[in-house]
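Let's take a friendly walk through this structure, one stop at a time. Keep the sequence and the 3D view at hand as you read.

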Amino acid sequence: MMERLDVTTVTEATTRNDWTREEIAALFDLPFDELMYRAQTVHRAHHAPSEVQMCTLLSIKTGGCPEDCGYCSQSVAADSGVKATKLMEVQSVLQRAAEARDAGSQRFCMGAAWRNPKDRDMPAIIQMIQGVRGMGMETCMTLGMLTPAQAAQLAEAGLDYYNHNIDTAPERYGEVITTRSFGERLDTLENVRQAGINVCCGGIVGMGETRPDRVGFVHALATLPRHPESVPVNALVPVKGTVLGDMLADTPLARIDEIEFVRTVAVARITMPMSMVRLSAGRESMSESTQALCFMAGANSIFTGDKLLTAGNRGDSADAALFAKLGVRPMVAEEPMRQRVCEAAE
């Protein structure tokens, strides 16, 4: 057990990238009220309290992915009933972005079920980025692995964020995915960084992992040379026909203990104080109390709408009602994050 952390030191010190697994494990082991206090203190030192960023996620190309991610209904290895589609037309994507903007979203995230984008797809992708940015929204893409040249193209188009999750702890990665390595994940993150695009990177809990696995997951993120600007924390949504869905759907492991999920959010907040911590997939089945605790633990970003790629989501009306109960305010949109970060670095 590590010594008690001085909260003043934690909130005022520069961001750390040298967290040890022992330190992170000790945070997970803290009494719940102490952990929440530290997480909330760190959160208030770096972020506006009671403000949550509203994001919208759209699947711009669904199904047919050659990867074998055990949680994903869009894999060709899954028998989930998800049919492969072609890349959406640019105008259709921009129409959905406009609807999201009008509903209060500040960031529009676009996901394609690819191992990696083909060069022939890049012109349409670039038009989508430019069109969404033209609406005054932040842009995010998740397209699989990227080459340095592709990352440079996305940067030139003005992409603010690129999402590429590490999914789980390095030592457990091979139990979840076999068609690409953990190192290849890191290679894409480095290509994105070198291009000057902000990183959105998190993972999934509730896949049958242990607490040491969750420690390893947070440690891998918190010791990156630069923390991800956005850290999505997903709770597994078991889908029948997927490896993990079939394995966990009828067992207690299918839903991570809610207090343990909140602990994971809190530890992510403490170890990555400047990041936006996004409460992502799995909210549809979470109680309002659990979501409230996640906000108290430092989560300050959510996906809105009725659907996340192929999984259900709580919907705008449910989120509005919860925010009203909690006194939470949607974050006001500012200039795109990539511009703010690049200017700060100059």
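Our first stop is Ala 78. Setting aside its neighbours within four places in sequence, Ala 78 is in contact with Cys 72, Ser 73, Gly 241 and Thr 242. You will find Ala 78 in the loop between β1 (51-61) and α4 (90-102). Try locating Gly 245 too: it lies 167 residues from Ala 78 in sequence, yet their C-alpha atoms are 9.7 Å apart in space. Bear in mind that this is a predicted model.

Next, look for helix α9, residues 211-222. How far apart should its ends be? At 1.5 Å a residue, the twelve residues of α9 should span 16 Å, and its end C-alpha atoms are indeed 16 Å apart, so the two values agree. Is α9 mostly covered or not? Ten of its twelve residues are buried, among them Arg 214, Phe 217 and His 219. The elements that cover these buried residues include α2 (21-29), α8 (182-195), β6 (203-205), β7 (230-235) and α11 (258-271).

That brings us to α11, which also packs against another helix, α12 (residues 288-296). Two packed helices are described by the angle between their axes and the distance between the axes. For α11 and α12, the angle is about 20° and the axes are 9 Å apart. Angles under 35 degrees count as roughly parallel, so α11 is roughly parallel to α12. The crossing of α11 past α12 is right-handed. On the α11 side, the contact is made by Glu 258, Ile 259, Phe 261, Val 262 and Val 265, and on the α12 side by Thr 290, Leu 293 and Cys 294. Sorted by character, the residues of this contact are six nonpolar, one polar and one charged.

Key: Residues are numbered from 1 along each chain as its sequence is written. This is a predicted model: local features need pLDDT of at least 70, side-chain atom pairs count only at pLDDT 80 or more; totals for chains, interfaces and linings use all residues. Side-chain values use heavy atoms; hydrogens and water are left out. Helices (H or I, at least four residues) and strands (E, at least two) are DSSP runs, numbered from the N terminus. The expected span of a helix is 1.5 Å times one less than its number of residues. Buried means under 20% relative accessible area, exposed over 50%, partly exposed in between (1.4 Å probe, protein chains only). Contact means heavy atoms within 4.5 Å. Axes are lines fitted to C-alpha atoms, for helices over the stretch in contact, and angles run from 0 to 180 degrees between N-to-C directions. Angles under 35 degrees count as roughly parallel, over 145 as roughly antiparallel, 65 to 115 as roughly perpendicular and the rest as oblique. A crossing is left-handed if the near helix is turned anticlockwise from the far one by less than a right angle, and right-handed if clockwise. Ala, Val, Leu, Ile, Met, Phe, Trp, Tyr, Cys and Pro count as nonpolar, Asp, Glu, Lys and Arg as charged, and the others, Gly among them, as polar.
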